[in-house]
Structure formats: C-alpha cells, structure tokens
Amino acid sequence: MKLVRFNQAEPYFPSTFSGMLDKFFNENMGSSLKHFSPAVDISEDDKSYEIQVSVPGIDKKDFQVELLDGKLTISGERKMEEKKEGKNYHSLETNYGRFSRSFFVPEDILAEEVSATYENGLLTVVLPKKEKKVVKAAIEVK
C-alpha cells in the first residue's frame, strides 16, 4: 500500500448549486478565518516514509500532528503580523489562516515511533516502517 493523499472535504469547485452558494457567501462576506493548503512532498526509502510540508513563518507550537486509525492529519495556523503604523501594503500574496492536510498511511508503519521536526520553514514528519519478515520455505516436489 502506498502513502495516499486524503481528499479534502471542502472542494475548490463545489459540485452542487448550494455548495457554490455557500462558497460564494462565505468567501465574499469577509469570513475572518481563511484556509489555505501548503505544498507537500512525500518520499519513501527502505526504512521510512517522509512527508515535508512547506510552511514558513509558523511557530512550532502552532502545529498539530495526529495519527488516528490510519489517517495522518497535519494542521496549524499562520497568523498575519499586526499591521505597523506607516506601512502600506501594495501586494500581499502570502497565505495566512488555518490549514489542514490529511493522508492515509500504510499499515506497515510503526505508529509509536512517528516523529516530526520543524526547521527552515519545513515541517518534516517521519513514519518509520516495520521490518519486513522474509518467509522462505523449501517445498518438496512429489
């Protein structure tokens, strides 16, 4: 089984008319909580799976990493700095607000040894694999 991205519950393009209306009114009425989806890289070697989430400008305490029933959820919030007097923004392209990314993980991981580190704007979650047991038997042909 491979590490697979979990399909988020809130689609970018709603499939129903009511979903489109909800999205329109929630985004255009100045919702105070904005959501974004940070970039994620997933890799694997013989010993582990590794997930790297690109989220610069966040404190370690603002992350939540949870593994529950085969689903890894990484969430947090990037807060916008308080506006400074005399500073006028001409362009603001950085994403701020809450984020959540979820992934179904394979059954061959050691859940109790999962670790997460945050350095230089990258959150790295390492999911160690269980050792593979090689079963070999000689079968006598009769």
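1. Let me start at Thr73. Leaving aside residues up to four places away in sequence, Thr73 touches Gln64, Val65, Glu66, Ser100, Arg101 and Ser102. Please bear in mind as you read on that this is a predicted model. Thr73 belongs to strand E5, and its relative accessibility of 15% makes it a buried residue, because buried means under 20%. One of its neighbours deserves a closer look: the side chains of Thr73 and Ser102 are joined by a polar contact of 3.1 Å.

2. Now for the wider setting. The protein chain has one helix and eight strands, and along the sequence these follow the pattern β-α-β-β-β-β-β-β-β. The chain has 142 residues, of which 25% count as buried. Take the contacts between residues at least 6 apart in sequence: 57% of them join residues at least 24 apart. Several of the pairs discussed below link separate parts of the chain, so it helps to keep the strand numbers at hand while looking at the model.3. Which residues make up the aromatic cluster? Phe63, Phe99 and Tyr118 form it together, and the structure holds two aromatic pairs. In one of them, the ring centres of Phe63 and Phe99 lie 6.3 Å apart with the planes at 70°, so this pair is edge-to-face. Phe63 sits in strand E4 (residues 63-68) and Phe99 in strand E6, so the pair ties together parts that are 36 residues apart in sequence. Phe63 is buried at 11% relative accessibility, and Phe99 is buried at 2%.

4. Phe63 also pairs with Tyr118. Here the rings are tilted, at 4.9 Å centre to centre and 55° between the planes. This pair links distant parts of the chain, with Phe63 in strand E4 and Tyr118 in strand E7 (residues 115-119), 55 residues apart. Tyr118 is buried as well, with a relative accessible area of 16%.

5. On to the charged side chains. Side chains of opposite charge can pair when their charged atoms come close. The structure holds five salt bridges. In one of these, the side chains of Lys129 and Glu44 meet at 2.5 Å, N to O. The two residues come from distant parts of the chain, 85 residues apart: Lys129 lies in the segment after strand E8 (122-128), and Glu44 in strand E2 (residues 40-44).

6. Are the two partners of that bridge buried or exposed? Lys129 counts as buried, at 14% relative accessibility, whereas Glu44 is exposed, with a relative accessible area of 51%. Lys129 has an aromatic neighbour too: it lies over the face of Tyr49, at 4.7 Å from the ring centre.

7. Strand E2, the home of Glu44, also takes part in a hairpin. E2 and strand E3 (residues 48-54) run antiparallel and are joined by five bridges. Three residues make up the hairpin connection from E2 to E3. If you want a landmark for the pairing, Val40 stands opposite Val53 in E3.

8. Another salt bridge connects two strands. The side chains of Arg98 and Glu77 meet at 3.4 Å, N to O. Arg98 lies in strand E6 (residues 97-104) and Glu77 in strand E5 (residues 71-78), so the bridge ties together parts that are 21 residues apart in sequence. Both residues count as partly exposed: Arg98 has a relative accessible area of 30%, and Glu77 has a relative accessibility of 23%.

9. Finally, there is a group of charged residues to check on screen. Asp59, Lys61, Asp62 and Lys79 are linked in a network of salt bridges. Within the network, Asp59 bridges to Lys61, with the closest N and O atoms 4.0 Å apart. Asp59 is partly exposed at 44% relative accessibility, while Lys61 is exposed, with a relative accessible area of 62%.

Notes: Residues are numbered from 1 along each chain as its sequence is written. This is a predicted model: local features need pLDDT of at least 70, side-chain atom pairs count only at pLDDT 80 or more; totals for chains, interfaces and linings use all residues. Side-chain values use heavy atoms; hydrogens and water are left out. Helices (H or I, at least four residues) and strands (E, at least two) are DSSP runs, numbered from the N terminus. Buried means under 20% relative accessible area, exposed over 50%, partly exposed in between (1.4 Å probe, protein chains only). Two strands pair if DSSP finds at least two bridges between them. A polar contact is a pair of N or O atoms within 3.5 Å; within protein, one must be able to donate a hydrogen and the other to accept it, and residues adjacent in sequence count only if both atoms are side-chain atoms. Contact means heavy atoms within 4.5 Å. Rings of Phe, Tyr and Trp (its six-membered ring) pair if their centres lie within 6.5 Å; planes under 30 degrees apart count as stacked, over 60 as edge-to-face and the rest as tilted. A charge sits over a ring if NZ of Lys or CZ of Arg is within 6 Å of the ring centre and within 35 degrees of the ring normal.
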